[in-house]
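Work through the exercises below with the sequence and the structure open. Try each task before reading its solution.

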Amino acid sequence: MAEEHSEYPRISLPVPQMRSHYDVVVIGSGYGGAIAASRMSRAGKRVALLEKGKERWPGEFPTKLRDCMKEVQYSSPKIHTGNKTGLYQFYNGSNQDAVVACGLGGTSLINANVALEADDRVWKMSVWPNEIRNDHESLKRGYERAREMLQPVSYPSNFPELPKLKTLEEQARLLGDKYHKNFSRAPITVTFENRVNAAGVRQQASTLTGNDCTGINDGSKNSTLMNYIPDAWNHGCEIFCECSVQRIKKCDKTNRYIIFYEWLDDNRTKFKEESRFCPYFVIADVVFLGAGTLGSNEILLRSRSYGLKVGDRLGKGFSGNGDILGFGYNMDHFVNGVGSGDHVASGLDAPVGPCITGIIDMRRDAENVLKGYVIEEGAVPLAVGKAFQIFLKSGSTLVGSKPKNLTYSQSFNRRWRQIRSAIGGFYTGAISHTQTYLIMSHDDNTGQLELVNDRLNMEYKGVGTSDTVMELNKVLEDATTLANGTYIPSPLWSKFFGRGMVTVHPIGGCGMGKDGKSGVVNHKGQVFIGESNDVHEGLYVCDGAVIPTALGVNPFFTISAFSERICEYAAKDRGWTIDYDLVNKPIDFNHPLKSYEQNERDLIKRQRKCHELDGGICFTEVMKGYFSTEILSTDYATAELQARSANSTMQFLLTVIAYSAETIVDMDDHSALITGTVSCRALSPDPLLVTRGKFRLFIPDTDKVDSNRMMYNLNLCATDGTKYRFKGYKLVKNGKLRDAWEQSTMVGRGILQMSPFAFLKQMTTFKATGPTFVSRIRAMFTFNDFFATTVLRHVFSRFLPLEYPSRTFPIAKPFYHQSRPKKDVWEINAEDGVKSTMVRYQGGRKGPLLLIHGAAMTHEMWSTNLIKNSFLDYLLGHGYDVFLVDHRLSPKNSASKEQHTLDGIRLDLAAAVSKVREATGVEKIGVIAHCVGSISTFMGLLDGKIEGVGCLIGSQVAMHPILSFWNSVKLHLQILPLWRHVLRQTTFDVRTSPDTNLLNKVVNQLLRFYPVPRNQTCRSALCHRASLCYGTLYQHENLNQQVHDHQHEFFGNVNLTTMQHLNNMGQKKMILNYQGQNVYITKENISNRLNFPICLIHGELNSVFDLTATKKSYDMLRTTNGIDNYTHYEIDKYGHLDCWWGTNAITDVFPKALRHLEETQHLWGYHAGQPKKGFHPSNDTSSDDLI
């Protein structure tokens, strides 16, 4: 599993900080639970969300099989194996199995993202209560609210073609017109652009790795972890993970609900039995049960066995949603259906894409709604790729349906693909030609859930032998054999396994009904009391368990709609108002919009981020004994004897947490926190909760020889609200240990013992970071090591390990958000047919301006939010209408993978200028171009390809690309021909990783010694490679850490034809066409086509192009056309790119560009022909560097 990084947000709190009472408690964090937490928090209620699993963020999901296996938990009526907080939970039932997820975000963490509404005819079925059948509008509102937060979209047409999607469409065609006409791209909850989403969470565009089913690490998956859950947190919800809810109890005394849960802390789970039978609890006025279909049914079933009044329909009407799994093995079509791993799909013939992108929707064509179904393609995660290959090989032999009447050539090709897979692995041959199918249809909803040995059992007789399952497997078989492949059904759907089925969409068991005889909950989600019409007013179920029928489509969108509806009614019934307005700024993961002070007397007050142990210690212990409420004297032995005779037992399961080892050894301090539960029948039929406790270690006992006491002082709370204070001590005397306890108001006394076995267990729970002399020495060593390492890292940085771009998505990475106008996007075509993309931000009626990036950069060089003030935002703030182009060298442009000359780039720019003029209706526009963009702009202007430019700012180079010293050295050393012709490379990518190929590994190590300007050394492998390719791009001291660490977000490949063209120009020190001819720089061209305002900007310390590059062009312009139109700025102490990325560029560079625009705007753009206006920016520097 990926290592934890500080850049991940941590929005869950440690369990010891949970309050004893909340207005609302939400159980589970999938679609139902997350929505309830968000909406109730937005209603101004104090909400707690309890999640069984752990908090994981993108970058922390396992990518290797061995790591995935550590996260698997297996549940059956006979046994549970694996970590209870494991991410992947497999339920083994009778004829029906299920796979769900366990973690903050629920199954949304690993689902396939398809967000489709149910067929309208579903709502007319008799299984629904009349309030649902007659009120479609409330469900439509639910769908729209869910759509607003989850933001589903189809796979973009301008993204790379996905072989598995293309293959599904071809299979639909092969099946016939009725299938082909119903093929489409499915709406999926995946992000395809870097953005801040509806909840204010920063997300990154999908890298198309296909690992959705083990967890996406690039931050593009719109799971509830990325929207509803952080939204709930942002509005005051307190989130607690590793809380496995066991049951719910209604307190008749207070009319509140008591939620009992097991804290799955690693230390407590070592005491399995004690932890299970001595659970924690929290009290709520209202409870939303959203633990998923299986979790919610299990909790209610157990609650009913403990006395909660629920009807007999509980657990009945369970459905697997008609899920069918199958595989089309070794087809003629290339599928590429195995995930690519990590973030970047590199080294493959094509990207895999999200798990599901296409759908054959056969619902509308079905006369009977129960005959409707959908077929979708899937992707197998990388982690199980090898196992998948083994399964397909054996499955094709044992249960596969092979194609018939193949020609010799077809048979040979199939056999050859099998050989290739056997040799080359699962990215080749037969495996790469295998399609994964998923069908959602309608089963008969007759499954049943029940508790067996206090564990959930699924029983669904005959589910795999129905006519529907047989018919739909035949459809998949036809789709496969028509493509000359072997159809392999689900491994469970075989005679050997009794035609069992597996579902990833369990629904039902708590179905809606008109009363307790026909359902478990009413149309509002409230649980019926027995079989009556009365309900538990404050107990809701809000997940897939309430759906009484299979939907014939992926159900999560409908579950979300129902959850929204349930929350709407819950608030309306209580006079609460839910604020549905979206947040208008990104979430600050350090400061939520709303939070509650910990002002309750029984809470330990600690900062949210201070629960990590730092120089502290923690341990868990169990003590068992007897407690008497009859003997109130100080004779503890007598009290114990009396309690034994009455079998009045007591058990403590306590966790002691000291946040500082130094304070715990200070006898006058009580900073050690005690949390846990107490089981004592004499005081309460339910466990008592330790709400606050103090612990003191080894206090000298002056009343006894050679004795010390460990003192405990506990505040306890019963489920009915009764509070107790307990005091106790452990007496340590010459190896003897005795525990004595008393209640401060003299309710009782007793003695507890710790068995040798429990003591050994306790020893294994100790976690210390500094409580001993040895550990303090270690701390001192750590400090010295840190100090020396820090100093030496700067002195000998060339010899330290290289740093590579992070593979984890920095979801809480600091970035700067500026409000911008709506973005418009255009696709433009150059004269030679190459397509480019252009975006527009209309900040006002100045301009229009076209910003042009350099080589292997995206337009985000102008708009990045990694700096506080980007140049784009600066221009928008001054009222400019700004256009940004991604020409053929942009990594965002698919054409960047091809070879191009600068002559071709000028065609892109000509098309961009023409489009801006067309869109704005102006005769002349302004252009700001950087580096290669500037060279290409001058080329296009000089030969007349670019027309309609009335103002130009050229950055770092113009008509004379005179190279810097070290770039000239590289030119004479023939580095480019070596890379291109000897090493036979066609591109150079400044991005790299420690897992790159051998050639690039060698290059990365050699580049440690690349000659850079003084004080410009660093450990970034990307920075080194950029210096080799272009020259040192910036003065490091001018950049912030964010830009330097995340340049890979807008850097990419550069083709070597472009670099060769630049080299040719560098040799002649002037712009030439690719054939080496000077067709551009003539006196006539300069006189006729560059006789308008031009400003040249050049960093004084530029290590890419020498300062004379722009000066020579500047001089040529002035001598040819006079001095009036031309300006040259030499930017002191700046290099190449830092002129636009520098932290202080807003004061050192931007005003100079703005001055040129403002002083010439009467000659071009929207204000052409108007009187000239002066320009006096308050933050502009003096003009003493104006030449």
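**Exercise 1. Strand β39 and its partners**

Task: Find how strand β39 and strand β40 (residues 949-955) pair, and over how many bridges.

Solution. The model is a predicted one: local features need pLDDT of at least 70, side-chain atom pairs count only at pLDDT 80 or more, and totals for chains, interfaces and linings use all residues. Residues are numbered from 1 along each chain as its sequence is written, and side-chain values use heavy atoms, with hydrogens and water left out.

Step 1. Strands (E, at least two residues) and helices (H or I, at least four) are DSSP runs, numbered from the N terminus. Two strands pair if DSSP finds at least two bridges between them.

Step 2. β39 and β40 are joined by 6 bridges, and the pairing is parallel. One of the bridges sets A929 against G954 of β40. From β39 the chain passes through helix α22 (residues 932-942) to reach β40, a right-handed β-α-β crossover. Right-handed means that, with the strands pointing away from the viewer, the path from the first strand over the helix to the second runs clockwise.

Step 3. Strand β37 (residues 846-852) also runs parallel to β39, with 4 bridges between them. Here I852 has A929 as its bridge partner. P848 lies in β37, and the peptide bond from G847 to P848 is cis, with omega near 5 degrees.

Step 4. Now check the cover of β39 (residues 925-930): 6 of its 6 residues are buried, where buried means under 20% relative accessible area, exposed over 50%, and partly exposed in between (1.4 Å probe, protein chains only). I925, V927 and A929 point one way, G926, I928 and H930 the other way, and all are buried.

**Exercise 2. Helix α10**

Task: Compare the expected span of helix α10 with the distance between its end C-alpha atoms, then say which of its residues are buried.

Solution.

Step 1. The expected span is 1.5 Å times one less than the number of residues. For the 14 residues of α10 (residues 385-398) this gives 20 Å, and the end C-alpha atoms are 20 Å apart, which agrees.

Step 2. G385, F388, Q389, L392, G395 and S396 are the buried residues of α10. Viewed down the axis of α10, they fall within an arc of 140 degrees, so they line one face of the helix. The arc is taken from the directions from the helix axis to the C-beta atoms.

Step 3. On the face turned away from the buried side, α10 carries the exposed residues I390, T397 and L398.

Step 4. The cover over the buried residues of α10 includes β16 (324-329), α11 (408-424) and β22 (486-489). Contact here means heavy atoms within 4.5 Å.

**Exercise 3. A sheet of 5 strands**

Task: State the order of the strands in the open sheet that contains β4, and name the strands at its edges.

Solution.

Step 1. Strands of a sheet pair through backbone hydrogen bonds, either parallel or antiparallel.

Step 2. The order is β5-β4-β6-β7-β23, with mixed pairing. β5 (80-81) and β23 (501-503) are at the edges; each has a single partner strand, so one side of each is left without a neighbour in the sheet.

Step 3. Within this sheet, β4 (residues 72-75) and β6 (residues 88-92) run parallel and share 4 bridges. S75 of β4 stands opposite Y91 in β6.

**Exercise 4. Residues in loops**

Task: For T189, N321, N330 and G311, say which loop each residue lies in and whether the residue is buried or exposed.

Solution.

Step 1. T189 is in the loop between β8 (183-185) and β9 (195-196). Its relative accessible area is 1%, so T189 is buried. Its contacts beyond four places in sequence include N113, L150, S220 and F556.

Step 2. N321 lies between β15 (316-318) and β16 and is buried at 0%. N321 is not a glycine, yet has a positive phi of about 60 degrees.

Step 3. N330 lies in the loop between β16 and β17 (358-361) and is buried at 0% relative accessibility. Its phi is positive too, about 55 degrees, although N330 is not a glycine.

Step 4. G311 is in the loop between α9 (292-305) and β15, and counts as buried at 7%. G311 and D515 are 204 residues apart in sequence but 9.3 Å apart in space, C-alpha to C-alpha.
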